[in-house]
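The following paragraphs introduce a structure to a reader who has not met it before. Please look through the sequence and the model before reading on.

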Amino acid sequence: MIKLISNELKKVFHKKSIYITLGIFIAILALLNIVSSRIDFSDIEDYQFGEENVQYLTSSLNDYNLDNYEEVDSYISTKTEIDYINFVNNYDNSSWQRKIAMEKSHEIIYNINRAKYNTKDNDLLATYEAELENLKLKLENDDDWRIFVSEEKAVYESKITDIKKELTNNLDKSSKENLEKELKTSEIHLYVLKYRLDNDVSYDNSYLDTALIEYESSNIALLQINKENMSKEEEESYNVLKKSITTQEYILENKADISTDSYNARNIFMTFIGDNYIFFIILTVMIAGGIVAEEFSKGTIKMLLIRPYRRWKILLSKYITCFLILLFTIGVLLLAQYIIGGFAFGFESYSVPAIVYNYGSKSMVEVSLMKHILLNLVAILPMLILLLTLAFTISTIFTSSSLAIALTFLTTFFSSVVNMMIIRSKIKILSLFPTMVWDLTEFLYGGTPSYEYMKLNNCIIMSIVYLLIMVFVSFFVFKHKNVKNI
Amino acid sequence: MAEPILKCEKLTKRFGTKTILKDCSFEIFEGDILAFIGPNGAGKTTTIKLILGLQNITSGNVIINGYDVEKDFVKAIDKVGAIVENPDLYMNLTGRQNLELIANYYKDVTKKRIDKVVELTGLKNRINDKVGKYSLGMRQRLGIAQALLNSPKLLILDEPTNGLDPEGIKELRDLMLSLAKDEKIAIFVSSHNLSELESFCNKVCIIQNGSIIETSEVNKLKRKAAKPVYSLELSKTTGLKKLLSKYKFETTNDNTISIEITKNDVPQLLKTLLDNKIKVFSCVEKEMSLEEAFLKRTGGNVID
């Protein structure tokens, strides 16, 4: 068997196509990395706040009919965007005021427009307009963002004291609940402001700044959910928010930049498998789809089948070779990304391990980069193996490599559409369909998949079943094949 | 008597409703060179494919070296070398790499053996070139080389002279003869080219429309075909019909006739001719060619 496999490998590695394809993939990777390393987010920002965008948005305002109930919301969104841009543009590009304006003014302006055009509540309108004025004043008068934060801090501290005082009174249940909610909200705001001051975190889009903002909004959103009586969607939101809060807490407590949002070598490497598994599929299917069929079309199958080996051994050696090629492809591309990423962004980020949210323990766990990537790989292994086997089986039955490759790609590309239809249909038995069971990524770290009928055991068992069916069919056909005229 | 190296018993092959081979039986012993001949479409390549396990046998047995090809394939095929139709090899590899791949399938084929086989087939100068660059003749030689790698006891060659120039054919013939004589290999050769086969085969098996119509030694076949034939070169061939009315003869050109006559009657014939003032320039027993014998036996060719 070893001899058979080594022969097959020799034949595969003499094919030019494998090197051409790998070369193209690595070139694409290099391009992606270099482009990502050069992306300047300020360019995007420049456009958003630029003259052109304002003009575009202003002209699109005319398209909305304010009398039409459905179009009012769109009008409000667009008008808010315009007002927001104009407000932010009052401040210099690198000033701290601009950054605070960017963070804080959007919500206020939205509320203003909503009161003006939707609810048409003049009292509410006046309140929000005053809020905006207040913000403006502070930005003008304060010399430094720290002063701004200190002032806000003082406001919340006194608010908290007031609420606590009022809670000692005898109140009815609903008033008490509302006050407690307000208390918690204020405490959250206070915590964030204190953190900024204590740790000198300005509004500069750094990872701590982002974490603070996320922390704030997630906690506030969490307060809106009534824990006792949650609907299905609310439960999902609850879990998502919990994950976000735990993640941000980890970042803030450990001052570790573990987010995968920014572009650096580690982040690209961590998401590599999920983003680029199509490369693995293309190369493996190319080989698996041709390894049997080409012997027939070239006529070399005759030279192969008259050797002292049973037919199933010969076919098995080819099948195993396909797996080896799969491993080879993954190894080469991972290595390429590691090196290219390191050169494009620097190798330092690789020392930061992956910190992921474990749904089981509901906490952040530290996982080495390699282990995280290996887990992601194992999660899509059923898909890779099933596609490889599909190409191999079609190739053996029909001795046409183009048919094998085309049908396998068809399956790959339409799998997401098919899955969507199955999920919509809510037919339970269809959750066992091959394209549904072959991706285990949602189960990683104790996670539960979004589609309720998916179970890990079912996925693994059904994947094995489909695999065995294809394998048996291909071995049976090959055993009884007549080698006709070539 | 020794065991046959290859024994086919009532081989039958059906493809749906079409019967390609019907009850074909024959044997080959060591040292034999069997010519497997038949018109186009007779079933020669199919027979070879059944022997080698490339197609399924509908009924009948193939026994090689005492092992049944269906029950004991690995042992049966171990000492067999073959070329089927064209010797298809990997075009993007060199001749040597192709041979190394094949050598890897056997336990005891060493580098020395590869070199020996390369030399035997005259490929030493081009063995390291890619097969895609070989001429047809070279590919044929490489095909023969790979068939010899495992020092087979049975060699099965499907039209091996395809694409070989006369020198190549001569080399092949000499090689076959020495293999059969020195190493006692049994060789099974199928071909259309009867004149070539004639020079080295000792047995013949004729197949037509899926059935074997004759198996015998070459000499016997030729003799069996008809009475001996004599070729006479004469001064004129006109007006002989009346004179030679009791013989069967034909005029092959202006001055030559071929006449079926036993050896004892030859003097009488000569006397008849000379008495009638016909000059005789030569009188020679004609060896019937295998081609003629074959055509006589198959009586022309009809492909179903």
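In which loop of chain A does A:D200 lie? The model is a predicted one, and in it A:D200 belongs to the loop between α9 (173–199) and α10 of chain A. The backbone at A:D200 has a phi near 55°, a positive value in a residue other than glycine. A:D200 counts as exposed because 9 other C-beta atoms lie within 10 Å, and the limit for an exposed residue is 12 or fewer.

Helix α10 itself covers residues 207–223 of chain A and packs against helix α11 (residues 232–254) of chain A. Their axes are 9 Å apart, at an angle of about 145°, and the crossing of α10(A) past α11(A) is left-handed. On the side of α10(A), the residues that take part include A:Y207, A:A211, A:L212 and A:Y215; their counterparts in α11(A) include A:L241, A:I245, A:I251 and A:L252. The residues of this contact comprise 10 nonpolar, four polar and one charged.

On a wider scale, chain A is divided into domain 1 (2–38 + 264–479) and domain 2 (50–141). The C-alpha centres of these two domains of chain A lie 49 Å apart.

A positive phi is also found in chain B, where B:D23, which is not a glycine, has a value of about 50°. B:D23 is located in strand β2 (residues 18–28) of chain B. B:D23 is classed as partly exposed because 15 other C-beta atoms lie within 10 Å, a count between the limits of 12 or fewer for exposed and 20 or more for buried.

Methods
Residues are numbered from 1 along each chain as its sequence is written. Chains are lettered from A and ligands numbered from 1 in the order in which they are written. This is a predicted model: local features need pLDDT of at least 70, side-chain atom pairs count only at pLDDT 80 or more; totals for chains, interfaces and linings use all residues. Domain bounds come from an automatic or database domain assignment. Axes are lines fitted to C-alpha atoms, for helices over the stretch in contact, and angles run from 0 to 180 degrees between N-to-C directions. Helices (H or I, at least four residues) and strands (E, at least two) are DSSP runs, numbered from the N terminus. A crossing is left-handed if the near helix is turned anticlockwise from the far one by less than a right angle, and right-handed if clockwise. Two residues are in contact if their C-beta atoms, placed from the backbone, lie within 7 Å. Ala, Val, Leu, Ile, Met, Phe, Trp, Tyr, Cys and Pro count as nonpolar, Asp, Glu, Lys and Arg as charged, and the others, Gly among them, as polar.
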